[in-house]
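Trainee: I am new to this model and would be grateful for a close look at one part of it. Please choose a part that can be followed from one end to the other, and explain how it is put together.

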Amino acid sequence: MRGYVFQAVMTPGEEGGYDVIVPDLPGCLSYGDTCEQAAFEIADAMRTYVAALLRDGRSVPSPTFREVEPPEVSLIVHFETDESYLVEGEVVSAAEASRRLGISAGRVTHLLDAGLLDGYRRGRRTYVTVESIARRKASAARAGRPRKKTNA
């Protein structure tokens, strides 16, 4: 994965919350109820935007930085991404994935972290691709913990 740094500009929303745009990434915008949530959401939007550029073979623009006027707030956001960050296809919640696989939601999270399921987190919610659930079911994984590989 490669690291990127861009400026995001946050402004208070007219009806509360915070709107965030990235001037160097046209159409890359997000929203959050709090400053912190807005910062997390725009970082995710930037990762996705740049990953899509890379997947499509398009160049990533060079970042620029500008002064902002109140009530705007400048955020300098660092993130890492590549094409693998994109998750395509139908997704279901972690709860639904756990029902389909017959395992706990916590185990679904562990499988995602281990790369054995494909999905993503958005805020507090976790989503899993239907295709990776089908792939996992077809692999007929054994019950219990996976055996550790030993160097013999």
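Mentor: Two strands are said to pair if DSSP finds at least two bridges between them. By that rule β2 and β3 are partners, for they are joined in the antiparallel sense over four bridges. The part to be examined is the sheet to which they belong, and it should be kept in mind throughout that the model is predicted.

The sheet is open and is made of four strands, which follow one another in the order β3-β2-β1-β4 with antiparallel pairing. The edges are taken by β3, residues 29-32, and β4, residues 73-81; each has a single partner strand, so one side of each has no neighbour in the sheet. On average, neighbouring strands are turned by 30 degrees against each other, with direction ignored.

Let us now cross the sheet, starting from the edge strand β3. Between β2 and β3, one pair of residues can be located by name: S30 in β3 is the bridge partner of V20. The next step leads from β2 to β1, and these two strands are again antiparallel, with four bridges between them. Here P12 has Y18 in β2 as its bridge partner. The strands β1 and β2 form a hairpin, in which five residues lie between the two strands. One residue of the turn, G16, has a positive phi of about 100 degrees.

The last step leads to the other edge. Strand β1 comprises residues 2-12, and nine bridges join it to β4 in the antiparallel sense. In this pairing V77 of β4 is the bridge partner of F6. V9 is a useful residue on which to pause: it stands opposite I21 in β2, and it also stands opposite S74 in β4.

Side chains, too, connect β1 with β4. How do the rings of Y4 and F79 lie in their aromatic pair? A pair of aromatic rings is described by the distance of the centres and the angle of the planes. For Y4 and F79 the centres are 5.7 Å apart and the planes are at 25 degrees. Planes under 30 degrees apart count as stacked, so this pair is given that name. The pair links distant parts of the chain, since Y4 lies in strand β1 and F79 in strand β4, 75 residues apart. The structure holds three aromatic pairs.

Two neighbouring features complete the picture. Helix α1, residues 35-55, lies across β1, β2 (residues 18-21), β3 and β4, and it runs at about 45 degrees to β4. In the loop between α1 and β4 one finds P71. The peptide bond leading from P70 to P71 is cis, and its omega is near 15 degrees.

To view the sheet as a whole, begin at β3, pass through β2 and β1, and finish at β4. Then turn to α1, which lies across these four strands.

Key. Residues numbered from 1 in each chain as written. Predicted model: local features only at pLDDT ≥ 70, side-chain atom pairs only at ≥ 80, totals over all residues. Heavy atoms only, no water. Axes fitted to C-alpha atoms, helices over the stretch in contact; angles between N-to-C directions. Contact = heavy atoms within 4.5 Å. Phe/Tyr/Trp six-rings, centres within 6.5 Å; stacked < 30°, edge-to-face > 60°.
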